Every structure is written in C-alpha cells, then in structure tokens.
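Here are some short exercises to work through with the sequence and the 3D view side by side. Try each task yourself before you read its solution.

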Amino acid sequence: MNEAITHLKVPIEREERDVCIGPDGSVAHVTRVLRMISGRWKLPILFRLFAEPSMRTLQLLRDIPNVSQQMLTQHLRELENDGLVVRRDFGEQPPRVEYGLTDSGRRFMPVLMSVREFSRLHPENVDEIPS
C-alpha cells in the first residue's frame, strides 16, 4: 500500500511546496482570478466588451439575453472593483456612461480564449476520452 504513495519518495523542499499551495502560491492566485469571474453574467460582459471596445449599459442589456438591470449593474461594479472593466462617466445630461475593458481586462482575454479552446477540445463526458 505504501508503495503507491510517491510523494513520500520524492524529496521536495518546503519552499517549493509553498510556490504551489502557500499564501502567495499558484493556488491562491488562480482562486482569486476564478472569484473575479464567478457570477452568471461576468463572462458574457467580458466577451461583449472584448468584441466592442466601449458599450453603454443599454447596449449590454440588449446583447446579453435575460440579464436584469440590477444584476448587470452589480456585475459591472464588481468587474470594475477587480480592475477588469472601466466605467466612463461623461458628466452629461441626460447621463451618459460607457464601459470598456481595462488594460488588465484586455490582457486577460487570451486566457479566457485558451480556456474556451480547452473546453472545445476536451470532451464533456470523461468516458469519451480515448484510452
């Protein structure tokens, strides 16, 4: 039974382990990013803003089916707080506000495209994976 426990046989320094699971390790960073994009409407918002550099709230409401004004506003604020989306208020009457991706948001899009490609190539049902 102990023969199958390979992690006991591989000498790993404590610092190397912290690179993955420490407070500033890979797991913590990936978890933070997943939290930033968690929410039913955040990914559709990001992809729409990637396709159109600047959009008004009404345009987003039209383009994202079934999202409510309240949820759209909440998710836009969260994305803004996380530094992925910028809100531009033109200070006009009637109010004119537009949203766009920040530089960080634009740099994040290739990561999302890679995730999309992984999903496209990876079968949903694990039983479909060839042996």
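A residue counts as buried under 20% relative accessible area, as exposed over 50%, and as partly exposed in between. Arg96, with a relative accessible area of 25%, is therefore partly exposed. Please keep in mind that this is a predicted model.

**Exercise 1. Getting your bearings**

Task: Find how many helices and strands the protein has, and in which order they come.

Solution. Begin with the count: the protein has 6 helices and 3 strands. Next, walk along the sequence, and the pattern reads α-α-α-β-α-α-β-β-α. Then turn to burial: of the 131 residues, 23% are buried. Finally, look at contacts between residues at least 6 apart in sequence; 45% of these join residues at least 24 apart.

**Exercise 2. A salt bridge between two helices**

Task: Work out which parts of the protein are tied together by the pair Lys42 and Glu78.

Solution. Start with the pair itself. Lys42 and Glu78 form a salt bridge, with 2.8 Å between the closest N and O atoms. Lys42 belongs to helix H3 (residues 42-51) and Glu78 to helix H5 (residues 69-81), so the bridge ties together parts that are 36 residues apart in sequence.

Now check the surroundings of each partner. Lys42 is buried, at a relative accessible area of 3%. Glu78, at 27%, is partly exposed.

**Exercise 3. How the two helices meet**

Task: Decide whether H3 and H5 are roughly parallel or roughly perpendicular, and list the residues that make the contact.

Solution. First take the axes: those of H3 and H5 come within 10 Å and cross at roughly 70 degrees. Angles of 65 to 115 degrees count as roughly perpendicular, so H3 is roughly perpendicular to H5. On the H3 side, the contact is made by Lys42, Ile45 and Leu46. On the H5 side, Leu72, His75, Leu76, Glu78 and Leu79 take part.

Now pick out one of these residues, His75, which is found in helix H5. His75 is buried, with a relative accessible area of 4%. Leaving out residues up to four places away in sequence, His75 touches Gly39, Arg40, Trp41, Lys42 and Ile45.

**Exercise 4. The partners of Arg96**

Task: Find which ring Arg96 lies over and which side chain it meets in a salt bridge.

Solution. Look for the ring: Arg96 lies over the face of Phe90, 3.8 Å from the ring centre. Then look for the acid: Arg96 and Glu92 meet in a salt bridge, at 3.3 Å from N to O. Glu92 has 35% relative accessibility and counts as partly exposed. As for pairs of aromatic rings, the count comes to 0.

**Exercise 5. A salt bridge inside one helix**

Task: Explain how Glu117 and Arg120 are placed along helix H6, and compare their exposure.

Solution. The two residues form a salt bridge whose closest N and O atoms are 2.7 Å apart. Both sit in helix H6 (residues 103-121), 3 residues apart, so about one helical turn separates them. Glu117 is partly exposed at 29%, whereas Arg120 is exposed at 58%. Elsewhere, salt bridges with shared partners join Glu92, Arg96 and Glu98 into one network. A search of the whole structure finds 8 salt bridges.

**Exercise 6. Backbone details**

Task: Say whether the peptide bond from Gln93 to Pro94 is cis or trans, and give the sign of phi at Asn66.

Solution. Recall the usual case: most residues other than glycine have a negative phi, and most peptide bonds are trans. The bond from Gln93 to Pro94 is cis, with omega near -5 degrees. Pro94 lies in the loop between strand S2 (85-89) and strand S3 (97-101).

For Asn66, phi is near 75 degrees, a positive value in a residue other than glycine. Asn66 is placed in the loop between helix H4 (57-63) and H5. With 70% relative accessibility, Asn66 counts as exposed.

**Exercise 7. A residue in H2**

Task: Describe where Val27 is found and what Val27 is in contact with.

Solution. Val27 is found in helix H2 (residues 26-37). At 47% relative accessibility, Val27 is partly exposed. Setting aside neighbours within four places in sequence, Val27 is in contact with Cys20 and Ile21.

Definitions and conventions:
Residues numbered from 1 in each chain as written. Predicted model: local features only at pLDDT ≥ 70, side-chain atom pairs only at ≥ 80, totals over all residues. Heavy atoms only, no water. Phe/Tyr/Trp six-rings, centres within 6.5 Å; stacked < 30°, edge-to-face > 60°. Lys NZ or Arg CZ within 6 Å of the ring centre and 35° of its normal. Salt bridge = Lys/Arg side-chain N within 4 Å of Asp/Glu carboxyl O. Helix = DSSP H or I, 4+ residues; strand = E, 2+ residues; numbered from the N terminus. Buried < 20%, exposed > 50% of the residue type's maximum accessible area, 1.4 Å probe, protein only. Axes fitted to C-alpha atoms, helices over the stretch in contact; angles between N-to-C directions. Parallel < 35°, antiparallel > 145°, perpendicular 65-115°, else oblique. Contact = heavy atoms within 4.5 Å.
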